[in-house]
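The following paragraphs lead through a model, with attention to its sheets and to the contact between its chains. Please keep the sequence and the structure in view while reading.

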Amino acid sequence: MIAIQTNDVDIGALIAAAKKHGTGAIVVFDGIVRDDNITEMELEAYEDVAIQELEKIARDARELFGLLHVDIVHRIGKLTIGENILIIIVAAGHRKEAYDGSRYIIEAIKSGVPIWKKELTKEGGRWVPGEHRHGKQKTG
Amino acid sequence: MTVKIRFFARFRELLGTDILTEVAAGTMVTSLIKSIAKKNPEGYAAIFDENGAFHEFVILMKNGKRIDIADAGKTAVVDGDEIAVFPPVAGG
């Protein structure tokens, strides 16, 4: 399952569905809205492009690490503290491939997929600075 | 001919998004973005520096494919193109 959606997802059901023949390890990454003195977080995506990029990252991870299964669910819209933002589930034959594949996916998402976060506070809002490759200055 | 400009995140807040605009044949990506951004000085300053060059962190896409800001001044738009302009991504 590769998705960008407002709704939460049943992680237990995804884990159960990820247990393909040959699976020896499943790694779950669950990115969560942290309480950094915020009231909510608002996420926005360039959806058409972001979903294509998530699909490519999943394909690349499968090939690079021999993964048996990949799920990536990135949520958008308004989320409150403690809610899931990003769920990545990878299944592999062994733990090393599962950990490495999961790490590859999260780093690729953070560096390239067009999604943005705005932290909403009592005073207003602030865009979370993004990473960029062709310079030192950061902005959001 | 008609092209669509899509701004995201802070740029969207300042300039709007899904802007359909009529342009002349041969219009370059940079001049197209400038013509829209000039409608809001804060939005213009978020994307361009005092010399009118893109801030180095600005990311451009033409029909879903990244184009280098250095090439945007010599990349012409054609009818139906979608140009996206956004700050560094921060998903995950």
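Which residue of E4(B) is the bridge partner of B:Lys62? In this predicted model, that partner is B:Lys65. The pair belongs to the antiparallel connection between strand E3 (residues 59-62) and E4 of chain B, which are joined by three bridges.

These two strands form part of an open sheet of five strands in chain B, ordered E2-E1-E5-E3-E4 and mixed in its pairing. Strand E2 (19-22) and strand E4 (65-67) of chain B occupy the edges; each has a single partner strand, so one side of each lacks a neighbour in the sheet. On average, and with direction ignored, neighbouring strands of this sheet are turned by 30 degrees against each other.

Chain A contains an open sheet of four strands, in the order E5-E3-E7-E8, with antiparallel pairing. Here the edges are taken by strand E5 (77-80) and strand E8 (124-127) of chain A, and because each has a single partner strand, one side of each is left without a neighbour in the sheet. The average turn between neighbouring strands of this sheet is 25 degrees, direction ignored. Strand E3 (residues 40-45) of chain A runs antiparallel to E5(A) and is joined to E5(A) by four bridges; A:Glu40, for example, has A:Thr80 in E5(A) as its bridge partner.

The two chains also meet: 29 residues of chain A are in contact with 15 residues of chain B. On the chain A side, two or more residues each come from helix H2 (47-65), helix H3 (95-112) and strand E7 (115-121). H3(A) gives the most, with four residues. By class, this side of chain A comprises twelve nonpolar, eleven polar and six charged residues.

Conventions:
Residues are numbered from 1 along each chain as its sequence is written. Chains are lettered from A and ligands numbered from 1 in the order in which they are written. This is a predicted model: local features need pLDDT of at least 70, side-chain atom pairs count only at pLDDT 80 or more; totals for chains, interfaces and linings use all residues. Two residues are in contact if their C-beta atoms, placed from the backbone, lie within 7 Å. Ala, Val, Leu, Ile, Met, Phe, Trp, Tyr, Cys and Pro count as nonpolar, Asp, Glu, Lys and Arg as charged, and the others, Gly among them, as polar. Two strands pair if DSSP finds at least two bridges between them. Axes are lines fitted to C-alpha atoms, for helices over the stretch in contact, and angles run from 0 to 180 degrees between N-to-C directions.
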